[in-house]
Amino acid sequence: MRTDSSPGTLPAREHLPATDAGTPVLDVVIPVYNEEKDLQPCVRRLHEHLTRTFPYAFRITIADNASTDGTPLVAARLAAELPGVTGFRLEQKGRGRALGAVWSASEAPVLAYMDVDLSTDLNALLPLVAPLISGHSDLAIGSRLARASRVVRGPKREFISRAYNLILRGSLQARFSDAQCGFKAIRRDVAQVLLPLVEDTGWFFDTELLVLAERAGLRIHEVPVDWVDNPDSTVHIVRTATDDLRGVWRVGRALATGSLPLDRLTRPFGDDPRDRDIQDVPRGLARQLVGFCVVGGLSTLFYLLLYSVFRQFAGSQSANALALLVSAVANTAANRRLTFGVRGRVGAVRHQAQGLVVFAIGLALTSGSLAALNAAGGSPAHSTELAVLIAANLAATVLRFLLFRAWVFPDRGAEQGASTAAAPHAPHVPAAPAGATAVPYRPVPHQPYTTYQTTQIRADEAADAGWRDATLRLQPVHPHDNDPGDPR
């Protein structure tokens with residue numbers, strides 16, 4: 001799992017302007033591998049639908065990942081005949097690799113993709129991208145498992161799809177309903193931040209992207225779709241299911257160990273109402289209080305259990321110190337992750353050290369209470385000791401929360417916001433990899449089918465790190481694509 005830092009935080013969501021009709025607002029990617037039969041009817045049908053119904057300028061990108069049949073010739077012919085159709089070829093297979101490469105290279109503010117078989121009814125395309133254009137959502141997915149969806153497919157695929165989503169819900173706590181429907185869209189600024197964190201280059205690419213987005217607190221919009229299964233699909237179900245389960249294990253392990261830098265993506269936008277500075281209402285206080293109380297209650301039970309065990313072979317002061325020390329380490333770790341949302345290992349040692357200082361204060365409070373009890377009663381009963389310790393721990397708990405919130409895990413959001421306001425955000429634009437060429441489709445009058453000029457990346461440069469660190473500009477297919485007078 002990748003642990004490199006993200007390119008930067010995301011700007012506030014805004015509605016995309018309705019001007020500049022010649023600039024593509026939507027880039028629909030069709031990833032293909034040996035699809036010479038289905039590619040032409042798919043692209044023509046999609047192009048006709050967008051021309052007739054989509055109110056913004058658009059582009060259709062054929063993402064050919066190492067096809068060995070006549071797919072390149074079909075793609076070149078479509079690019080020559082249809083305005084707004086272009087292509088992108090990689091010399092390595094992998095749907096995720098193709099999508100990542102094209103999305104990294106595209107300048108369109110909204111990026112989408114759909115399967116070449118067009119199993120999903122195209123009437124769902126505008127509802128899919130509308131929340132991204134308006135700025136309401138960050139990603140959008142078509143769902144075959146929504147209550148309002150209308151799906152025609154065999155029982156085997158239905159069982160596999162529902163079982164896979166149950167696995168995601170049980171293992172990764174995913175809340176989206178359909179991870180593998182080939183009908184998704186994402187805002188470009190969100191893609192630039194998430195793509196460097198996605199490791200898979202195959203069919204698990206969708207799931208990994210959605211899990212990371214959901215864990216980062218991004219908004220995922222779901223659209224019920226009408227979907228008809230393609231009986232001639234070339235997807236290898238067993239191999240794909242095996243690869244997906246491996247991906248679930250890899251991502252789950254990374255989330256459990258905190259090796260993903262999701263703390264850099266959490267609450268990235270400046271327009272979240274929960275981030276507004278409201279007078280007399282500290283940000284996040286209610287949620288932190290609930291989390292702290294839950295952790296505190298469990299820690300108290302854990303402490304009392306340890307104290308009762310240690311009291312069997314040690315004096316009250318020693319048993320109290322040992323029980324409080326062990327429970328304090330566990331309490332700090334739990335509050336760090338669950339209450340204050342700090343992930344990863346950065347600063348963990350410092351936080352534990354500060355937690356031990358808080359522990360020392362609690363130790364002084366509880367030990368002082370025991371000393372006062374022994375001085376007053378001589379040899380108090382064990383139940384009396386427990387009652388005094390509970391009262392002392394309640395007082396120590398309140399003090400611990402205040403110290404955690406103000407000292408150990410302070411809210412630095414206002415400080416970061418001030419620095420962001422002082423220095424406007426500059427979008428991250430990585431350099432293109434050495435040897436990569438960006439050439440648009442250009443039809444040649446005498447050789448309309450044999451000239452297949454497109455963006456190419458060699459196999460060794462299209463490895464995982466290569467395309468994720470590259471941003472290549474896809475140039476328009478025809479000169480009038482940038483004409484402000486374009487009726488689209």
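A salt bridge is a side-chain nitrogen of Lys or Arg within 4 Å of a carboxyl oxygen of Asp or Glu. In the predicted model described here, Asp 243 and Arg 246 form such a pair, with their closest N and O atoms 3.8 Å apart. The distance of 3.8 Å falls within the cut-off of 4 Å, so the pair counts as a salt bridge. Both residues belong to helix H8, where a spacing of 3 residues separates Asp 243 from Arg 246 by about one helical turn. Asp 243 has a relative accessibility of 35% and therefore counts as partly exposed, whereas Arg 246, at 57%, counts as exposed.

The overall organisation of the protein provides the setting for this pair. The secondary structure comprises 14 helices and 10 strands. The protein has 488 residues, of which 48% count as buried. Its exposed surface amounts to about 22900 Å², and carbon and sulfur atoms supply 60% of that area. Contacts were also examined by sequence separation. Among those between residues at least 6 apart in sequence, 79% join residues at least 24 apart.

Salt bridges were then considered across the whole model. Side chains of opposite charge can pair when their charged atoms come close. The structure holds 19 salt bridges. One of them joins Arg 52 to Glu 48, with 2.9 Å between the closest N and O atoms. These two residues both lie in helix H1, which spans residues 39-53, and their spacing of 4 residues corresponds to about one turn of the helix. Arg 52 is exposed, because its relative accessible area is 56%. Glu 48, with a relative accessibility of 41%, counts as partly exposed.

A further salt bridge connects Asp 206 with Arg 95, and here the closest N and O atoms are 2.4 Å apart. Asp 206 is located in helix H7 (residues 205-215) and Arg 95 in helix H3 (residues 95-105), so the pair ties together parts that are 111 residues apart in sequence. Both partners fall under the 20% limit for burial: Asp 206 is buried because its relative accessible area is 2%, and Arg 95 is buried because its value is 7%. The two residues also take part in a wider arrangement, since a network of salt bridges links Arg 95, Asp 115, Lys 184 and Asp 206.

The cysteine residues were examined for disulfides. A disulfide requires a pair of cysteine sulfur atoms within 2.5 Å, and by this rule the count is 0. Two cysteines illustrate opposite surroundings with respect to accessibility. Cys 181 has a relative accessibility of 0% and so counts as buried, while Cys 293, at 53%, counts as exposed.

Enclosed space within the protein was also surveyed. A search of the whole structure finds 8 cavities of 30 Å³ or more. The largest cavity contains about 150 Å³ of space. Its lining consists of 16 residues, and those nearest the centre of the cavity are Leu 324, Ser 327, Asn 331, Asn 393 and Arg 400. Four helices each supply at least two residues of this lining: helix H9 (285-310), helix H10 (316-339), helix H11 (348-377) and helix H12 (382-408). The largest share, 5 residues, comes from H10.

Individual positions in two helices were examined as well. Gln 354 lies in helix H11, one of the helices that contribute to the lining of the largest cavity. The relative accessible area of Gln 354 is 12%, so this residue is buried. When neighbours within four places in sequence are set aside, Gln 354 is in contact with Trp 407 and Val 408.

Ala 254 is placed in helix H8, which covers residues 237-257. Helix H8 is also the helix that holds Asp 243 and Arg 246. With a relative accessibility of 3%, Ala 254 counts as buried, whereas Arg 246 in the helix counts as exposed because its value is 57%. The C-alpha atoms of Ala 254 and Gly 344 are separated by 10.0 Å, although the two residues stand 90 residues apart along the chain.

Conventions. Residues are numbered from 1 along each chain as its sequence is written. This is a predicted model: local features need pLDDT of at least 70, side-chain atom pairs count only at pLDDT 80 or more; totals for chains, interfaces and linings use all residues. Side-chain values use heavy atoms; hydrogens and water are left out. Buried means under 20% relative accessible area, exposed over 50%, partly exposed in between (1.4 Å probe, protein chains only). Contact means heavy atoms within 4.5 Å. Accessible areas come from the Shrake-Rupley method with a 1.4 Å probe; for residues, only the protein chains shown count as cover. On a 1 Å grid over the protein atoms alone, a cavity is a set of points where a 1.4 Å probe fits but cannot get out, and a pocket is an open set with protein on both sides within 12 Å along at least five of seven lines; lining residues have an atom within 4 Å of a point. Grid points are joined across faces, edges and corners, and a volume is the space filled by probe spheres set on the points.
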